[in-house]
Amino acid sequence: MGNIDSARVLVTGASKGIGKSIVAKLASAHRFVLCVSRSKPDFQGSVGADCVDRITWNPLDLASATAVEEYAASLEPITINTLILSAVEYGEGGRHPASEISASEWQRVVATTLVGQCIMVSRLLPKLIANQPSIIINVSSDVAILPSAGRAAYAAAKAGLHAMLRAVPAEHPSHGLRIYQLIPTFQSLTEGIRRRRPANFDFSSYADPAVIADTVGRIVSPAGNPPPSGTYLIHRDGSLAPYAEPASL
Ligand SMILES: NC(=O)c1ccc[n+]([C@@H]2O[C@H](COP(=O)([O-])OP(=O)(O)OC[C@H]3O[C@@H](n4cnc5c(N)ncnc54)[C@H](OP(=O)(O)O)[C@@H]3O)[C@@H](O)[C@H]2O)c1
């Protein structure tokens, strides 16, 4: 049984946006955080100097299955009980129809957002099961469950990851491994989103990524009163509403 105070959290998508905000939140809450992305995150100014020491970043390109396998193997001696998936490759610029998605865009989006993170989950599952109580959180998206015009590649990848993480609890119904899929009902202003919007876009209705990070912080807090595993809508005030997905036809 792992010690939840010393067991580490692993966060994907750590260099920007929601993932970076989650890393900062958890390190500030005295968790030891491993995190990955291609570019190195700069946490100066996001967390106190004492918290920076609790963050270990490694470069990782999730689009490389080999690199993900090697990174996961390197974690063998480390106790990890929390995996948070926030990495995303949104695809080309603005919205564009499925007929205009190139083969290379399909490959990039699916390799990163879906396959790389699925491999990470697969390889870490034995560790998460061994270190119960343990948690997987997927920062999911409305595109995983609703039709989304102009974002077919992103939607396909997010829906695939969402489906994969519905299969896992069906295989491991233990209450010791909690799996959350969080679907924001609002937009957060992140680098990835900014890149996909036209110049002069009005972001005034967009939230700070800290709203989602705070919600994640509450779910993983050993002192908290976490909801049961499942899919949840996150509202703008950080509250969670269960989203009932069909369990049979
Ligand atoms: N922002 C929103 O309004 C919103 C709404 C609903 C759901 N979401 C979900 O929230 C999550 C975070 O979104 P975000 O807007 O914060 O994204 P973002 O600003 O684009 O950040 C994406 C992160 O993924 C990493 N990443 C991208 N390609 C990678 C690769 N090949 N290998 C490793 N890491 C890679 C990036 O790091 P590097 O570039 O350094 O590799 C970055 O840290 C996503 O899962 C998204 O679907 C966001």
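Ala, Val, Leu, Ile, Met, Phe, Trp, Tyr, Cys and Pro count here as nonpolar, Asp, Glu, Lys and Arg as charged, and the others, Gly among them, as polar. The structure treated in these exercises is a predicted model.

**Exercise 1. Describe the shell around the ligand by class, by nearest residues and by contributing elements.**

Solution. Begin with the classes: the residues of the shell divide into eleven nonpolar, 13 polar and six charged. Next, take the residues that come nearest, which, of the 30 around the ligand, are G17, R38, S39, T190 and G192. Finally, assign the shell to secondary structure, where α1 (17–28) and α6 (191–196) are the elements that give two or more residues.

**Exercise 2. Determine the relative orientation of helices α3 and α4, and list the residues through which they meet.**

Solution. Two packed helices are described by the angle between their axes and the distance between the axes. For α3 (residues 65–74) and α4 (residues 103–130), the axes come within 9 Å and cross at roughly 25°. Since angles under 35 degrees count as roughly parallel, α3 is therefore roughly parallel to α4. The crossing in which α3 passes α4 is right-handed. On the α3 side the contact is made by A65, V68, E69 and A72, which meet V115, G116, I119, M120, R123 and L124 of α4. Sorted by class, this contact of α3 with α4 holds seven nonpolar, one polar and two charged residues.

**Exercise 3. Work out the strand order of the sheet, and explain why β3 and β8 each have one side without a neighbour.**

Solution. The sheet is open and consists of eight strands in the order β3-β2-β1-β4-β5-β6-β7-β8, with mixed pairing. Because β3 (55–59) and β8 (240–242) stand at the edges and each has a single partner strand, one side of each is left without a neighbour in the sheet. From one strand to the next, the twist averages 25°. Within this order, β4 (residues 80–85) and β5 (residues 134–139) pair in the parallel sense over four bridges, and L83 stands opposite I136 in β5. To place a helix against the sheet, consider α7 (residues 210–220), which lies across β1, β4, β5, β6, β7 and β8 and runs at about 160° to β5.

**Exercise 4. Locate the backbone features at P133 and H30.**

Solution. Most residues other than glycine have a negative phi, and most peptide bonds are trans. Against that background, a cis peptide bond with omega of about 5° joins Q132 and P133, and P133 belongs to the loop between α4 and β5. H30, a residue other than glycine, has a positive phi near 70°, and H30 is placed in the loop between α1 and β2 (33–37).

Terms used. Residues numbered from 1 in each chain as written. Predicted model: local features only at pLDDT ≥ 70, side-chain atom pairs only at ≥ 80, totals over all residues. Axes fitted to C-alpha atoms, helices over the stretch in contact; angles between N-to-C directions. Parallel < 35°, antiparallel > 145°, perpendicular 65-115°, else oblique. Left-handed = near helix turned anticlockwise from the far one by under 90°. Contact = placed C-beta atoms within 7 Å. Pairing = 2+ DSSP bridges. Near = placed C-beta within 6 Å.
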